[in-house]
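Please look through the sequence and the structure shown below before reading on. The paragraphs that follow lead from one part of the structure to the next.

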Amino acid sequence: FLKEVKGWGLTLKAFYIDGCEAYRSAIAEVFPEAVVQYDYFHVIQNIWRKLWKVVVARRKEVKARGEAAQEPALSVPLLALAKRIWEHRQLFFKREENLTPAEREVLPKLMDEEPFLATVRGFVKGVWGIFRDSATEEDAKQRLADLKLRPEVKAGSAFASVIRFLESRFPD
């Protein structure tokens, strides 16, 4: 299709796309001078997908610990926590200004009970900072470099996968 468009005499200078590599490759082949920009929605969606899996996995771990516990005094609180994490899983990805008063009470309690969730939330805020709090490209690069230094960014982790994803698309 892009070759056909070029055949019409159109010279496209910019493309705004989701994260599809096939699109990027086709654009580079047909319009090599064109600028490609990934849209914010799809970049964030891709990142949230990776981190969502981390939250769900942690919830499963908590539930499994609860099911394996021999005593109700240990089992019941863990199973209740697993249920609350599941019921409120979306809160870890919600902006502060979009939280309801009730959610503002629930979120810190969950993070206190399961500190790893505070790690996820902090990382999420770091990702937002790249996009929302950077005034220049250099600011954004510094925020990405800072995010990369967080202790949870370990080889093979979802956090490292997010960093690789951001670095691979940063120029665009």
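**Aromatic pairs, core and charges**

At a relative accessibility of 53%, tryptophan 8 counts as exposed, and this value, like those that follow, comes from a predicted model. The partner of tryptophan 8 in an aromatic pair is phenylalanine 1, with the ring centres 6.3 Å apart and the planes at 90°, an edge-to-face arrangement. Phenylalanine 1 is exposed as well, since its relative accessible area is 72% and the cut-off for that class is over 50%.

A second edge-to-face pair is made by tyrosine 40 and phenylalanine 131, whose ring centres are 5.0 Å apart and whose planes make an angle of 70°. Because tyrosine 40 belongs to helix α3 and phenylalanine 131 to helix α6 (residues 115–132), this pair ties together parts that are 91 residues apart in sequence. Both rings fall into the partly exposed class, tyrosine 40 with a relative accessible area of 29% and phenylalanine 131 with 34%. Across the whole structure a search finds 8 aromatic pairs, and ring pairs also link Trp48, Trp52, Phe93 and Trp128 into a cluster.

From the rings one may turn to the interior. In soluble globular proteins, nonpolar side chains tend to be buried together. Here the largest nonpolar core comprises 46 residues, and those with the most contacts inside it are Ile47, Trp48, Leu51, Phe92, Phe123, Val127 and Leu166. Helix α3, which runs over residues 40–68, supplies the largest share of this core, namely 8 residues. Which residues does valine 127 touch, if those up to four places away in sequence are not counted? Valine 127 touches Ile44, Ile47, Trp48, Leu147 and Val162. Two of these names, Ile47 and Trp48, also appear in the list of residues with the most contacts inside the core, and Trp48 is in addition a member of the ring cluster.

Aromatic rings also meet charged groups in this model. The charged end of arginine 58 sits over the ring of phenylalanine 116, 4.1 Å from its centre, while the charged end of lysine 6 sits over the ring of phenylalanine 31 at 5.6 Å from the ring centre. Arginine 58 has a further role in the description, for Arg58, Glu61, Arg65 and Glu114 are linked in a network of salt bridges.

Within that network, the side chains of arginine 65 and glutamate 114 meet in a salt bridge with an N to O distance of 3.8 Å. This pair links distant parts of the chain, with arginine 65 in helix α3 and glutamate 114 in the loop between α5 (101–113) and α6, 49 residues apart. Are the two partners buried or exposed, or in between? Arginine 65 is partly exposed, with a relative accessible area of 40%, whereas glutamate 114 is buried, with a value of 6%.

In total, the search of the whole structure finds 17 salt bridges. One of them joins the side chains of glutamate 97 and arginine 95 at 3.8 Å, N to O; glutamate 97 is partly exposed, with a relative accessible area of 45%, and arginine 95 is partly exposed, with 28%. Another is formed by the side chains of glutamate 138 and lysine 141, again at 3.8 Å, N to O. Because glutamate 138 and lysine 141 are 3 residues apart in helix α7, they are separated by about one helical turn. Glutamate 138 is exposed, with a relative accessible area of 54%, while lysine 141, at 36%, counts as partly exposed.

Helix α7, covering residues 137–148, also holds arginine 143, which is partly exposed with a relative accessible area of 33%. Leaving aside neighbours within four places in sequence, arginine 143 is in contact with Gly129, Ile130, Asp133 and Ser134. Arginine 143 and lysine 6 are 137 residues apart in sequence, and their C-alpha atoms are 38 Å apart in space.

Finally, lysine 13 lies in the loop between α1 (2–7) and β1 (14–17) and is exposed, with a relative accessible area of 64%. How far apart are the C-alpha atoms of lysine 13 and alanine 34, which are 21 residues apart along the chain? A distance of 4.3 Å separates these C-alpha atoms, and lysine 13 is in contact with Ala34 and Val35 when its neighbours within four places in sequence are left aside.

Definitions and conventions:
Residues are numbered from 1 along each chain as its sequence is written. This is a predicted model: local features need pLDDT of at least 70, side-chain atom pairs count only at pLDDT 80 or more; totals for chains, interfaces and linings use all residues. Side-chain values use heavy atoms; hydrogens and water are left out. A nonpolar core is a set of buried Ala, Val, Leu, Ile, Met, Phe, Trp, Tyr and Cys residues joined through side-chain atoms within 4.5 Å. Buried means under 20% relative accessible area, exposed over 50%, partly exposed in between (1.4 Å probe, protein chains only). Helices (H or I, at least four residues) and strands (E, at least two) are DSSP runs, numbered from the N terminus. Contact means heavy atoms within 4.5 Å. Rings of Phe, Tyr and Trp (its six-membered ring) pair if their centres lie within 6.5 Å; planes under 30 degrees apart count as stacked, over 60 as edge-to-face and the rest as tilted. A charge sits over a ring if NZ of Lys or CZ of Arg is within 6 Å of the ring centre and within 35 degrees of the ring normal. A salt bridge is a side-chain nitrogen of Lys or Arg within 4 Å of a carboxyl oxygen of Asp or Glu.
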